[in-house]
Amino acid sequence: MFVNTQLTMKRLVIALFIIAMLGMISPGLSAIGQPIHVPHENPATATGSLDKPALLLSYSKTINLATNQQYQNAQDVLNELRHTDIPDELQYIIDRHNNLCQQLFTTLDNLEILLDETSALLAQNQIQGAKQRLDYAEADIQDGSSLCEDIEAATDALSDKLGVFISPAVSQITHAYTHLEESLERLRELIDDYYNLRQSLTERYVQMMEFIPTELSLSINPASVFVGDNITVSGRLSGDGKPLSGRKLVLTLSSESTTANVSIPVITTTNTGFNGSYVTSITIPYRYVDTMTLIAVYGPSGDDTDMYLASKSPPVTINTMFYRTHLEVSTPEMAHQDLPLAISGRVFTTNGNVDRTIKVLLYDTQLAEEMVAGQFTFEITLPEQTLPGKHNLNIAVTPQGRYSGAAETRSINISILPIHIDIQAPTTILLPKTIQITGMVYHEFGPVADAAVSLNLKNSSTTVRTSPDGRFTTSLEAPLDLSFIGVQEITVDIEPLEPWVTKLSVKRDALTINPVSTGLILAILIALGLFIYRRSQTRVPQGKTTPQPEIIELPAITPVPKPIYKLTGIRGRVLSAYQSGLEAVEKITGVVMTPNITVREFLKMITLPSPTATEPFTELTTIAEITLYSEYSPREDTATRAERLATTIQEVLRRGAS
Amino acid sequence: MGLHRFLAIITIVLLIALIIAIWFFPSNEDFRVDNPFWNGIKDISTDYPAQPLNSLDDLPPSPQETTLILIPYLNCTTAELKQLDRFVSQGGRLILADDYGHGNQVLEHMGLEARFTGQILLDPLVNYINKQFPRIIHLEPDPLTENTNNLVFNHATSLANVAMSDTLALSSSFSFSDHNGNGIWEENEPTGPLPVISRHELGSGQVILVSDPSLFINSMETIEDNANLIHNIAATTPALYIDQSHLPSSELHHTKRLLQQARSFLATPLGTAGLVILVLMIALTPIWHKKKENSEET
């Protein structure tokens, strides 16, 4: 019964522990199963399809931009559709639709430019070129109308494929289609507006055909001139063969733009004299190009606006002269920040050497400015913030009067300088200990000063800066911890101040011995060893000793006092009987039954002096064993039998002893 | 075996099993550097020398050119806001990546006009899988966007009050900010291009706003050119820090931290000595009991 209760208790305890542990883990399980909600989605499991209403609305949006004359924006937005994932069955029709829209937007953009230019020309009474532009505009209007019809057809085909016409009237896709229809209607209205504008410009052009044409001549002296010098400009304005006096003329001097600079025209004005002629002087600007072009323009104003047409002189070419400057430069391909960089070369012109200003720029940042004549050599230092990598160094000779400028660009690689370290650290460390570490940091040009040297050993770290000679000395705590004996890494990270010097990380191995941990573990092992040894000493003699008759005579062995149990019931009677018999046997044999010995083992260990005692004790042992370990409940007669056997044993042994 | 001994053994075994499971089971929390799953950012910390920060106190004293990625899903304290201020004003680069968190608190404190709108950015056409994954196709030339033509966001938001000159990336013209959350564009909802990445100079440093921290998670890092942007961030800084102190924590995370603290304590001399003494006491208990019994017998 007692055994059964014990087993039930154990099972209950296991069940309770499992429930308790599940309760402890359950908050963690929720975290394992489901992360806290954050708005993002696993792309591997996400799904999607083409948003059809959005596609139709996107066309509506692009066409609306076009109807607001934002043709470039409309084309840009249309280009963004390239990034859309289109199903294969829709790809062709969408591509076709996009192409038609692109063509229409380009045509309308061109048409608007043509009509604007025509309008500007006619506003200045210039009919030359206006007719051609009006003709081009007419062709564009026809193309635009045709493209608009094609887009409408493509829209219907696309809408059909997207299922617009079988969708309910209140659906999103129908709503989007309605928007698109409205946009296409506005597009047709826009083309009509352009048509009307062209018509009005054509009418204006026809009116101007009745105006009196004018003629304007232009000549210069001299034809070749140095930059900075003056030229004389003269000519005559006439209308229908008659001189036009007191009219304002605009003279424009322009030159071709070069890669170095964009040419801005020099504009000046003059008035015609009493016979329609004019004479004026123009200073040639310091632009180092071989030719410049001069043109004179008459634009009617005031009462002339409704009488004369505008006129333009034939362009006149001016040969400009200057002394060309040549620059030869030599720079190293590689450089380092903060280290001087030598630049050498030669500046020369077609008119001998003069003092010239030379500038060195890193992109737009000026690094140096020197006056040189002919050969030159000077040093520059790159700015601290210059990042490693390829950079462009611009060396420029500034223009000076009749001497042109010159410039050269050199690619320079600003490299990172590798550093090295010599380190002296102990190879064996007895924990805990403060260890001394010394070393030197250097690169190919010398020591690295002020570099941060960080040393780490386990959880201990320290940082020191190198002295001007690149040396450092520091101490590092090697702390006491759980380790015993092992190889540990001393990590050394060097971070120089200068960005053009590399960082460096090195590792050194050191044998660490922790005497405290090692000693304590040894103590534990010794204690455990002693414990095991003692236990084995207690067991082995009892298990192996063969009882000898003389042992019985040893009075020195005192039986261990037994705890007093109060045994009840039939089982109690049986066990009490066994205990009585056992006490008698222990007394006569001197062998004590310890808690680790079973009743059967005890029976094997003892040898009783006579069979009359051995047989009843053997039977009593069997009854006791059944009573203790079997689920069988002893009966009344079994208890009586056990009590008799115990009495027999006691009597036989008492007799034998006496 | 006695009941007490049985209870003690089963308790110890279960505790050890539990500790091992918690210690070795990887985190699965969003944006955690030790989370190798789709929603973690372990890949960044593995591919680049990024250092996780469990507290802003661990920011370097000289932050010139260093970069801090901050995902503010929890409010910052006043002291932390001051630390961020100091970090930026002394030359650090703060990458504030937020969508629906507390990024505006940081911006307000720093005196910047830019804001995270907090409204979901949807792109029904120019997207990766569906409209919640907008493709970012307008990228301004910049060292940060080098070799980057196309980014993909994941349930992002957009930025407001950002000047064009400060903008580094814009969503497509078809995107829109879904104010009422119905997933459909309506007349009053702003349409693209909307700013999603911007740069703001502040003191000697700069603040870069990214309207979607999910850009950095393991499952998004490899999509399109997202990896190039992250590479550019790492390549343009000598040190990269990833703040972990403003992310919500689960019980698993708390327990892991507790275990780490316990381990750290045991590594100290006091902890080590205590542990050794405890083990020694447990090992010697039977001997002590034996001696006690013997002395009682005599």
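**Exercise 1. Determine which residue forms a salt bridge with A:Glu643, and where the two partners lie.**

Step 1. A:Glu643 and A:Arg573 form a salt bridge, with 3.0 Å between the closest N and O atoms. The term denotes a side-chain nitrogen of Lys or Arg within 4 Å of a carboxyl oxygen of Asp or Glu. Side chains of opposite charge can pair when their charged atoms come close.

Step 2. A:Glu643 belongs to helix H12 (residues 636–657) of chain A and A:Arg573 to helix H9 (residues 569–589) of chain A, so that the pair links distant parts of the chain, 70 residues apart. Helices (H or I, at least four residues) and strands (E, at least two) are DSSP runs, numbered from the N terminus.

Step 3. A:Glu643 is partly exposed, at 30% relative accessibility, and A:Arg573 is likewise partly exposed, at 26%. Buried means under 20% relative accessible area, exposed over 50%, and partly exposed in between (1.4 Å probe, protein chains only).

The basis of these values is as follows. This is a predicted model, in which local features need pLDDT of at least 70 and side-chain atom pairs count only at pLDDT 80 or more, while totals for chains, interfaces and linings use all residues; side-chain values use heavy atoms, with hydrogens and water left out. Residues are numbered from 1 along each chain as its sequence is written, and chains are lettered from A and ligands numbered from 1 in the order in which they are written.

**Exercise 2. Describe the salt bridge of A:Lys507 and that of B:Arg199.**

Step 1. Over all chains, the whole structure contains 20 salt bridges. In one of them, the side chains of A:Lys507 and A:Glu489 meet at 3.9 Å, N to O. A:Lys507 lies in strand E28 (residues 504–513) of chain A and A:Glu489 in strand E27 (residues 485–495) of chain A, so the pair ties together parts that are 18 residues apart in sequence. A:Glu489 is partly exposed, with a relative accessible area of 40%.

Step 2. B:Arg199 forms a salt bridge with B:Asp142, and their closest N and O atoms are 2.3 Å apart. Because B:Arg199 lies in strand E12 of chain B and B:Asp142 in the loop between strand E7 (138–139) and E8 of chain B, the pair ties together parts that are 57 residues apart in sequence. Both B:Arg199 and B:Asp142 are buried.

**Exercise 3. Place strand E12 of chain B among its pairing partners.**

Step 1. Strand E12 (residues 195–202) of chain B has seven of its eight residues buried.

Step 2. Strand E10 (residues 167–170) of chain B runs antiparallel to E12(B), joined by three bridges. Two strands pair if DSSP finds at least two bridges between them. Here B:Thr167 has B:Ser198 as its bridge partner.

Step 3. E12(B) is also joined to strand E13 (residues 205–210) of chain B, by six bridges, and the two run antiparallel. B:Ser198 stands opposite B:Leu209 in E13(B). The hairpin of E12(B) and E13(B) has two residues between the strands, and B:Gly203 takes a positive phi near 60° there.

**Exercise 4. State where B:Leu151 is found and which residues it touches.**

Step 1. B:Leu151 is in strand E8 (residues 151–152) of chain B. B:Leu151 is buried, its relative accessible area being 0%.

Step 2. Not counting residues up to four places away in sequence, B:Leu151 is in contact (heavy atoms within 4.5 Å) with several residues, among them B:Pro134, B:Ile197 and B:Leu229.

**Exercise 5. Characterise the interface between chain B and chain A.**

Step 1. The contact involves 65 residues of chain B and 52 residues of chain A.

Step 2. The area buried between the chains is about 5,000 Å², and carbon and sulfur atoms give 71% of this. Buried area is the accessible area (1.4 Å probe) that two parts lose on being put together, summed over both. In chain B, B:Trp38, B:Leu125 and B:Phe174 lose the most area to chain A, together 12% of what that side buries.

Step 3. There are zero salt bridges between chain B and chain A.
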